[in-house]
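Let's take a walk through this model together, one region at a time. Keep the 3D view open and turn it as you read.

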Amino acid sequence: MAKKYYVTTPLYYVNSPLTVGGAYTTIVADVTARYQRLRGREVFFLTGSDEHGQKIQQAARAEGISPRQLADRVVGSFVELWDLLEISHDDFIRTTEPRHETVVKEAFRRLVESGDIYPGKYEDWYCTPCETFILQSQLAEGACPECRRPVQRLSEENYFFRLSRYRKELVRLFEADPDFVQPPSRRREMLSRLENELCDISVSRAAGWGIPVPGRADQMIWVWFDALLNYVSAPGCFSPGPRFSQIWPADLHLMAKDIVWFHSILWPAMLLALGLPPPRRIFAHGWWTMKGEKISKSKGEKIMAQDVVERYGADPLRYFMLREIPLGQDGDFSIESLERRYRSDLANEFGNLLQRTLAMIVKYRDGRIPGRGADPRGQRILSELAEFGNEYHELMENLRFSRVLEGIWTRLRDANRYIEESKPWSLHREGAADRLDGVLRALAGMLAGVSAMLQPFLPSTSLRAGRQLEPVGGRLPDIFSGKRVSTADLIVGDGTVARPEPLFPVELLDRVE
Ligand code: ME8
């Protein structure tokens with residue numbers, strides 16, 4: 001059996017429901033998963049929740065409930081959000097599940113046995129919001145260098161992972177594949193961290209909420225060591241049978257840039273120590289900010305994903321986040337920009353184009369998409385879209401989603417101009433039947449092609465558009481077979497279209513909350 005395409009998101013902390021930041025990574029992963037499935041690959045798309053550690057313990061204590069109660073409640077909000085956003089994950093892993101805990105304990109035990117984990121004494125600092133150990137030399141004006149919040153002094157016996165041993169192998173891994181860590185700016189940053197010796201790192205805490213160290217009930221496994229292992233525990237690492245090797249290694253780990261070190265240095269080192277292959281690609285995207293500040297669950301301005309989806313719908317949020325910034329860059333999130341894109345790109349340039357086209361097919365051709373007819377400009381519009389259909393695949397494989405959407409919208413704008421310039425209403429009046437057929441046929445074909453390309457991005461909109469263009473069966477052209485996309489692939493059958501209904505009602509924007 002062929003190896004599945006394996007894509008992951010970070011496991012989100014259960015201290016609170018998700019902001020648009022957490023939704024972003026999951027949407028990106030979903031687009032990738034949907035695209036790979038359309039290409040005919042089997043996919044394993046994993047997301048989940050990170051439920052251990054001091055941060056969760058403190059959040060639960062502040063509410064007077066147990067960490068477990070907090071986790072159950074917040075995981076409920078994650079699952080509801082994924083449902084609203086039409087996330088097509090294949091599995092959701094919680095770090096408190098036995099299938100995960102067993103793997104974490106086993107990995108810890110194996111590394112103690114091989115000498116890669118050893119007892120020691122940690123005397124430095126800890127940042128609870130980041131759940132990281134911080135050396136004196138790394139402090140930024142006495143605070144956490146990552147989140148700038150106060151740190152706590154620790155002096156405790158715990159276990160260390162021999163990270164120092166893996167520096168050379170990690171450098172080799174980076175050098176063997178320039179795409180191992182992306183984008184290139186993050187790769188350079190990580191490579192420069194590998195220029196210096198790596199320090200061994202603590203992987204347990206003297207107390208707290210977590211998975212106990214095997215044979216040491218007084219020690220808890222550090223939450224990052226625990227959480228990273230989800231990527232192998234979910235596909236069934238250390239279990240008999242072929243499942244694990246059909247899934248692992250991951251084809252793509254997605255996350256924001258603040259946790260790229262954990263994924264590209266610590267995690268591959270843990271895997272090397274365990275004798276497991278490293279992931280194939282690690283992509284760290286940028287931060288969504290509000291007024292220049294990172295949007296975070298625990299400080300500054302928050303914008304909760306669920307509120308936005310409930311107000312605007314899943315596809316508009318998906319579109320906005322993927323279109324607004326190239327993957328890898330930071331971007332400012334504002335409701336004004338989202339509404340602007342809703343109105344101009346979605347409602348106007350796409351939704352209206354479909355409506356107008358369908359309305360003309362209904363009015364001039366009794367609802368039947370013409371089976372023949374010629375119009376040179378219409379042919380050109382179709383062949384340009386087919387040409388883009390080939391570039392589309394390369395861009396999708398390289399996660400250049402904003403470029404794909406830009407490319408599609410350039411063609412949608414062209415098609416809108418085409419209606420204005422070819423004036424189908426005049427063609428009808430003048431009795432230029434052959435040209436009118438050609439125009440309508442080209443517009444229907446281009447809209448079907450665009451809807452096909454939008455499937456990974458806007459799953460329910462593309463389905464609805466497909467049903468309006470071809471109500472019986474509602475099939476969109478197959479541009480995913482791997483063959484070169486040609487104009488003929490975009491031409492839809494000569495079926496009867498459905499009554500147009502708006503894809504993106506603009507009244508929604510004027511509603512007063
Ligand atoms: O770090 N912009 O969990 P977390 C972009 N449990 N992405 C953002 C974002 C923003 N403003 N805010 C959050 C953890 N994210 C660990 C991970 S993995 C084994 C353990 C996204 O709940 C982004 O993907 O703090 C970031 O990496 C993740 O949420 C952090 O989620």
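Where is the place of Glu86? Glu86 sits in the loop between α3 (67-84) and β3 (91-94). Before going on, please keep in mind that this is a predicted model. What catches the eye at Glu86 is its backbone: phi is near 55°, a positive value in a residue other than glycine.

Two prolines also deserve a look at the backbone. Start with Pro183, which you will find in the loop between β7 (181-182) and α6 (184-193). The peptide bond leading from Gln182 into Pro183 is cis, and its omega is near -5°. Now move along the chain to Pro249, in the loop between α9 (243-247) and β12. Here a cis peptide bond links Trp248 to Pro249, with omega about 5°.

From β12 it is a natural step to the ligand, since β12 (252-256) is one of the elements that each supply at least two residues of the shell around the ligand. The others are β1 (5-13), α1 (20-38), α7 (223-228) and α8 (230-233). Which of these gives the most to the shell? That is β1, with four residues.

Now zoom in on the ligand itself. There are 25 residues around it, and Leu11, Thr25, Asp50, Trp288 and Ile295 come nearest. By class, the shell holds 14 nonpolar residues, seven polar ones and four charged ones. Several backbone atoms are worth picking out. In Leu11, a backbone N or O atom lies 2.7 Å from a nitrogen atom of the ligand. Tyr13 places a backbone N or O atom 2.9 Å from an oxygen atom of the ligand, and for Ala256 the distance from a backbone N or O atom to a ligand oxygen atom is 3.0 Å. How much of the ligand does the protein cover? Of the 670 Å² of accessible area that the ligand has on its own, 93% is covered by the protein.

Finally, turn to a pair of helices. The axes of α12 (residues 314-324) and α15 (residues 401-422) come within 7 Å and cross at roughly 105°. Angles from 65 to 115 degrees count as roughly perpendicular, so α12 is roughly perpendicular to α15. On the α12 side, Tyr319, Leu322 and Arg323 make the contact, and they meet Phe401, Ser402, Leu405, Glu406 and Trp409 of α15. The residues of this contact divide into five nonpolar, one polar and two charged.

Note on methods:
Residues numbered from 1 in each chain as written. Predicted model: local features only at pLDDT ≥ 70, side-chain atom pairs only at ≥ 80, totals over all residues. Heavy atoms only, no water. Near = heavy atom within 4 Å. Polar contact = N/O pair within 3.5 Å; in protein donor to acceptor, adjacent residues only side chain to side chain. Areas by Shrake-Rupley, 256 points an atom, 1.4 Å probe, with all protein chains shown as cover. Nonpolar A, V, L, I, M, F, W, Y, C, P; charged D, E, K, R; others polar. Axes fitted to C-alpha atoms, helices over the stretch in contact; angles between N-to-C directions. Parallel < 35°, antiparallel > 145°, perpendicular 65-115°, else oblique. Contact = heavy atoms within 4.5 Å.
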